[in-house]
Amino acid sequence: MKRKRLALAVSYTLAILVAILFLLPLLWMISSSLKPNYQVFEFPPRWLPHPVQWSNYPEALTYVPFGRYTVNTLFIAVMTIAGHLLSCTLVAYAFARLQAPGKNTLFVIMLATMMLPYPVTMVPIYIGFKTLGWVNSFRPLIVPAFFGSPFYIFLLRQFFLTLPPELEDAARVDGANTMQILWHIILPISRPAMATVAVFSFQAAWNDFLGPLIYLNDQSKYTVSLGLNFFRSSYDVRWGYLMAASLVTMLPVILVFLLAQRQFIRGIALTGLKG
Amino acid sequence: MSQLPSVQPVSRRRRFSLARREALTFYLMISPWLAGFLLFTLGPMVASLVISFTRWDLLSPARFVGLANYQKMFTRDPLFWQSLKVTTLYTAAYVPLELTGGLILALLMNQRLKGIALFRTIYYLPSVLPGVAFVVLWMWILHPDVGLLNTVLSYLGIQGPRWLVDPRWALSALLMMSLWGLGRSMVIYLASLQTLPAHLYEAAAIDGANAWQSFWKITLPLLTPTIFFNLVLSIISTFQTFTSAFVATDGGPLDSTLFYVLYLFRQAFQYFNMGYASAMAWFLFLVILILTLLIVRSSEHWVYYEGRLR
């Protein structure tokens, strides 16, 4: 019993220490974002800003047009989510429920493409979009989503496989076709899985850097990631501003994460990564 | 009974046409992915290979140069070797750290502690943060004079190195930064830890096994499929490190953080050497493919799948 309590005490101590280690950078960021510029470079640094410089936030966010960047990124994210939900649901349902020659081979190919490094296809895809005249528009970042994404297809397929087929059989006996079954029976009970895909898709679109870096040239078309990097390279020493802007960039992701934590975990459990 | 034979051919034909209709529906429904696969994966892969045999700046027409790009890469481009060295070194250091660190965190988080949900959230949170903001924050933490890290080190009486601006320390600094995102692999381990059968542990406890023994004899063997998965995933993604180097150091100082994909990006989108960039991309692809195949091959010896006798 004594040993067990000792083990527990060790666990708590470790857990708390690691938690501090993981939280400290964020707290440091919040603290720095509220310091007047002269205090940022004080040594030893103050842990708590005094006076609290709230004005860093509005100033940082108007130094470069963060509102514009946010609208751009949200637009890309919403379109990407729509594209993924539409295409991946169709493909995943077919893989989960329909039989056809060549299905298993195609499925294996699809899984294999998940492993493909992005740089391998980056150059030809860029040339393709350039030929279409799509460079410096949002289209190269949005359109591919409508062609599905292996990871989300896999995730949805795993979910569809857990649904009892009796529901669909009954509808089929009543004369419903596959699309009707998918729309009226499967989708209403698949909201958790769809939400998972939406959350992952939002996160990926919001966080993407290389894509916007390659395709967007005009500052007015920048996403938040691109904007933040531009801000960093132009005003390198205004760390208070930079921290405020970074925090604002992180905020939507943190909010979505806190609200949809279950979705994140479910997504990982669903893909059957348990082996 | 005697009627059955005459009925069967009809139903078989009907079943045949139903199967064909189902197959047709299947292919219609997967057509978005199939088209995407051809347009965004297979097509570009082939194109990339073809382009790698050319010199092409997108302004003048592409010129076939045979293996010249590969030849230059291997024999006359020290930066190519530098980027390969940096990336390999970094991957060799980061992947084992992520695998073991993630597992240790997951084991810690797989206990019945009060507030466990909060702990898990805190550990996982950094790994979902946007790359650029993540890196900008760490540039500030790693600031040589007033950064958080060197401040804490100074409390311990240690004069911290100049991290991102010191060629000897920059790569380690990026490594440390990435470890803040350890939560990603932790969650994957955690998901599989929670499916381990309790009866095995009970049986082991009855046999007098202690926690240490049941970890090595039960937990670890049952986790090998997850370790395998994490290993492959981690190698593939670490080889493609880009954002941290692009934002924090731009490959410097003295090319000490010139990652492979960063150099590839420069070749493609700053120097517009599409042929050379494609050759680099194909080489990266081959390296990752061979590494993955080697791991898959080796997995027969160390990955344990339940229900399979050996």
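**Contacts of chain B in a predicted model**

Me: In this predicted model, how much area is buried between domain 1 of chain B and domain 2 of chain B?
Reply: Carbon and sulfur atoms give 69% of the area buried between domain 1 of chain B and domain 2 of chain B. The whole of that buried area comes to about 430 Å².

Me: Which three residues supply the most of what domain 1 of chain B buries against domain 2 of chain B?
Reply: The side of domain 1 of chain B that touches domain 2 of chain B divides into three nonpolar residues, one polar and no charged. Three residues together supply 81% of the area that domain 1 of chain B buries there, more than any other three, and they are Met45(B), Ser48(B) and Ile51(B).

Me: How many residue pairs are in polar contact between domain 1 of chain B and domain 2 of chain B?
Reply: The contact takes four residues from domain 1 of chain B and six residues from domain 2 of chain B, while the count of salt bridges between these domains is zero. With both residues required to be at pLDDT 80 or more, the number of residue pairs in polar contact is two.

Me: How far apart are the centres of domain 1 and domain 2 of chain B?
Reply: Domain 1 of chain B covers 4–51, and domain 2 of chain B covers 73–302. Taken over C-alpha atoms, their centres are separated by 39 Å.

Me: How much area do chain B and chain A bury between them?
Reply: This contact takes 89 residues from chain B and 90 residues from chain A. Carbon and sulfur atoms account for 83% of the buried area, which amounts to about 7,800 Å².

Me: Which residues of chain B lose the most area to chain A?
Reply: The side of chain B that touches chain A divides into 69 nonpolar, 17 polar and three charged residues, and helix H1 (residues 4–51) of chain B gives the most to that side, with 21 residues. The residues that lose the most area, together 11% of what the side of chain B buries, are Met29(B), Trp33(B) and Trp140(B).

Me: How many residue pairs are in polar contact between chain B and chain A?
Reply: Salt bridges do not contribute here, as the count between chain B and chain A is zero. Residue pairs in polar contact, with both residues at pLDDT 80 or more, number 13.

Me: What covers the buried residues of H6(B)?
Reply: In helix H6 (residues 148–155) of chain B, the buried residues include Leu148(B), Asn150(B), Thr151(B) and Leu153(B). Their cover includes elements from both chains, among them helix H5 (131–141) of chain B and helix H1 (2–33) of chain A.

Key
Residues numbered from 1 in each chain as written. Chains lettered and ligands numbered in written order. Predicted model: local features only at pLDDT ≥ 70, side-chain atom pairs only at ≥ 80, totals over all residues. Heavy atoms only, no water. Contact = heavy atoms within 4.5 Å. Buried area = accessible area lost by both parts, 1.4 Å probe. Salt bridge = Lys/Arg side-chain N within 4 Å of Asp/Glu carboxyl O. Polar contact = N/O pair within 3.5 Å; in protein donor to acceptor, adjacent residues only side chain to side chain. Helix = DSSP H or I, 4+ residues; strand = E, 2+ residues; numbered from the N terminus. Nonpolar A, V, L, I, M, F, W, Y, C, P; charged D, E, K, R; others polar. Buried < 20%, exposed > 50% of the residue type's maximum accessible area, 1.4 Å probe, protein only. Domains from an automatic or database assignment.
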